[in-house]
Amino acid sequence: MKARLLLVAAVALLAASAPAAAADRVVERGIIQSIDPTAIVLRALDGTDVAVRLGPSTRFRLNGRAATVADIHPGLVVEVVTTDPGPAIVVRAFGDVERAVVRGVVLRIGSRGLLVRRASGRSVRIAINARTTVWRGGRRLGLRVVRPRMRVDVYRAAAGVARVIVIRSAAA
């Protein structure tokens with residue numbers, strides 16, 4: 001009988017405290033303007049810019065899947081859940097995973113694509129085709145001039161295929 005009474009009291013205590021914990025949470029929604037490991041700035045639905053601190057325990061989700069801060073970028077729709085005085089608990093971002101522009105260093109180039117390492121250290125494979133153009137110093141060049149270790153900006157078409165490769169600097 002005492003065990004049953006204790007169990008009922010514990011359940012009642014948990015039920016009473018759950019709404020209070022949920023009431024302390026703040027949810028901000030909007031479009032990401034900027035993000036780094038310490039903060040995220042989003043344009044809220046009312047048009048104001050909101051800055052939210054990020055912490056080491058902040059979890060990131062991108063289109064429902066686990067992600068890192070490096071996977072989240074400006075332009076994505078975001079929902080940030082925080083507790084009033086603390087950093088974000090979770091950042092849920094939604095939208096196009098692939099950026100239209102990839103800036104980085106060429107690791108490899110082949111007949112069907114190139115491998116580019118971004119500043120974050122992550123590599124991305126980008127398809128190329130006969131319509132892919134290469135520009136350097138305002139001049140149009142052929143794909144044969146692209147070499148490993150060149151710094152490039154790759155502008156992609158909607159399907160993800162490289163449309164334009166701009167060579168920023170020669171091989172380092």
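Which residue in S7 does Leu62 stand opposite? In this predicted model, the residue that faces Leu62 across the strand pair is Ala93 in S7. That contact of strands belongs to the pairing of strand S4 (residues 59–62) with strand S7 (residues 88–94), which run parallel and are joined by four bridges.

**The chain as a whole**

The protein chain has 172 residues, of which 30% count as buried, and its secondary structure comes to one helix and 14 strands. Its accessible surface amounts to about 11,100 Å², with 57% of that area belonging to carbon and sulfur atoms. When contacts between residues at least 6 apart in sequence are considered, 46% of them join residues at least 24 apart.

**The seven-stranded sheet**

Seven strands make up an open sheet with mixed pairing, and their order across the sheet is S3-S2-S1-S6-S7-S4-S5. Its edges are formed by strand S3 (49–53) and strand S5 (65–67), each of which pairs on one side only. Neighbouring strands of this sheet are turned against each other by 40 degrees on average, with direction ignored. Strands of a sheet pair through backbone hydrogen bonds, and the pairing may be either parallel or antiparallel. Three of the pairings are set out here, each with one pair of residues that stand across from each other.

| Strand pair | Sense | Bridges | Facing residues |
|---|---|---|---|
| S1 and S2 | antiparallel | six | Asp36 and Ala39 |
| S2 and S3 | antiparallel | five | Ile40 and Val52 |
| S4 and S7 | parallel | four | Leu62 and Ala93 |

**Strand S2 and its two hairpins**

Strand S2 (residues 39–44) takes part in two of these pairings, and its side chains alternate along the strand. Ile40, Leu42 and Ala44 point to one face and are buried, whereas Ala39, Val41 and Arg43 point to the other face and are not buried. Ile40, one of the buried residues, has Val52 in S3 as its bridge partner, while Ala39, from the face that is not buried, is the bridge partner of Asp36.

On one side, strand S1 (residues 25–36) is joined to S2 by six bridges in the antiparallel sense, and S1 and S2 form a hairpin with two residues between them. On the other side, S2 pairs with S3, also antiparallel, over five bridges. The hairpin of S2 and S3 has four residues between the strands, and in this hairpin Gly47 takes a positive phi near 95 degrees.

Notes: Residues are numbered from 1 along each chain as its sequence is written. This is a predicted model: local features need pLDDT of at least 70, side-chain atom pairs count only at pLDDT 80 or more; totals for chains, interfaces and linings use all residues. Side-chain values use heavy atoms; hydrogens and water are left out. Two strands pair if DSSP finds at least two bridges between them. Axes are lines fitted to C-alpha atoms, for helices over the stretch in contact, and angles run from 0 to 180 degrees between N-to-C directions. Buried means under 20% relative accessible area, exposed over 50%, partly exposed in between (1.4 Å probe, protein chains only). Contact means heavy atoms within 4.5 Å. Accessible areas come from the Shrake-Rupley method with a 1.4 Å probe; for residues, only the protein chains shown count as cover.
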